[in-house]
Amino acid sequence: MIKVLFVCLGNICRSPAAEGVLLHLIRERGWEDKYEVDSAGTSGHHDGERADPRMRTHAKARGIELPSISRKFLPEDFRRFDWIVVMDNSNYRNCLKLASHEEDKGKILKMADFTPSFSDDEVPDPYYGGAQGFEHVLDMVNEGCENLLKKFNG
Ligand code: 4NP
């Protein structure tokens, strides 16, 4: 079993999108038994909420459901997951602060390191922007998730 956790700030836009996209790609490949996928936010400010309706609408237009319920990222997630995939540099620093073992640090990956066709160093936060920002998140995480699957499958 390969266990993957996506992390952003609020866990209502970017990481739920990444979770939904990866689940979609896994289902297309028939790999449901090989993967466990979840998402979390470093802030915890949206605990218990479904993904932002705008993010869900843009994902649904691509045939992708976003099942996540927002929760805070916890130190014990380093024990539960093999890989922690963060959306931006602030998420990276916040997760790193909660790492207690050297091995934990090696589990943290940046989504933008798996999106070579994009010039972005981070997956930009779409929360305060317009529709194009949500589309951009989906474009980036789609490429990133395809490349992450290649990495995880060795
Ligand atoms: P996310 O986006 O980190 O991609 O879920 C955000 C959602 C909410 C807020 C910021 C970013 N907020 O400030 O409430």
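Contact here means heavy atoms within 4.5 Å. The tour below applies that meaning to a predicted model.

**The sheet**

Begin by selecting the four strands. They form an open sheet in the order β2-β1-β3-β4, and the pairing is parallel. At its edges lie β2 (35-41) and β4, each of which pairs on one side only. Averaged over this sheet, and with direction ignored, neighbouring strands are turned by 25 degrees against each other.

Next, colour the strands one pair at a time. Strand β1 (residues 2-8) and β2 run parallel and are joined by seven bridges. To find a point on this pairing, select V4, which stands opposite V37 in β2. On its other pairing, β1 runs parallel to strand β3 (residues 83-86), with four bridges between them. Here V7 may be selected together with V86, its bridge partner in β3. Three bridges then link β3 to strand β4 (residues 108-110), again in the parallel sense. Within that pairing, V85 stands opposite L109 of β4. While the strands are displayed, it is useful to recall that in a regular strand the side chains alternate between the two faces of the sheet.

**Helices on the sheet**

Now add helix α1 (residues 14-29) to the selection. This helix packs on the sheet and touches β1 and β2. The direction of α1 makes about 170 degrees with that of β2.

Add helix α6 (residues 131-152) as well. Helix α6 lies across β1, β2, β3 and β4 and runs at about 145 degrees to β1.

**Where α1 meets α6**

Keep both helices on display and hide the strands. The axes of α1 and α6 come within 9 Å and cross at roughly 50 degrees. The two helices are therefore oblique to each other, and α1 passes α6 in a right-handed crossing.

Which residues of α1 and α6 meet? On α1, select R14, A17, A18, V21, L22, L25, I26 and R29. On α6, select V137, L138, V141, N142, C145, E146 and L149. Coloured by class, the contact of α1 with α6 shows eleven nonpolar, one polar and three charged residues.

**Where α2 meets α6**

Leave α6 in view and replace α1 with α2 (53-60). The axes of α2 and α6 come within 10 Å and cross at roughly 60 degrees. This pair is therefore oblique too, α2 against α6, and the crossing is right-handed. The residues to select are R54, M55, H58 and A59 on α2, with A131, F134, E135, V137 and L138 on α6. By class, the contact of α2 with α6 comprises six nonpolar, one polar and two charged residues. Note that V137 and L138 of α6 appear in the contact with α2 and also in the contact with α1.

**A stop at R71**

Finally, centre the view on R71, in the loop between α2 and α3 (77-80). Is R71 buried or exposed? Its relative accessibility is 19%, so R71 counts as buried, the cut-off being under 20%.

To display its surroundings, leave aside the neighbours within four places in sequence. R71 is then in contact with L5, N11, D38, S39, A40, G41, D47, D77, R80 and F81. Two of the strands already visited can be brought back at this point: β1 covers residues 2-8 and β2 covers 35-41. Among the contacts of R71, L5 belongs to β1, while D38, S39, A40 and G41 belong to β2.

How values were computed: Residues are numbered from 1 along each chain as its sequence is written. This is a predicted model: local features need pLDDT of at least 70, side-chain atom pairs count only at pLDDT 80 or more; totals for chains, interfaces and linings use all residues. Side-chain values use heavy atoms; hydrogens and water are left out. Buried means under 20% relative accessible area, exposed over 50%, partly exposed in between (1.4 Å probe, protein chains only). Axes are lines fitted to C-alpha atoms, for helices over the stretch in contact, and angles run from 0 to 180 degrees between N-to-C directions. Angles under 35 degrees count as roughly parallel, over 145 as roughly antiparallel, 65 to 115 as roughly perpendicular and the rest as oblique. A crossing is left-handed if the near helix is turned anticlockwise from the far one by less than a right angle, and right-handed if clockwise. Ala, Val, Leu, Ile, Met, Phe, Trp, Tyr, Cys and Pro count as nonpolar, Asp, Glu, Lys and Arg as charged, and the others, Gly among them, as polar. Two strands pair if DSSP finds at least two bridges between them.
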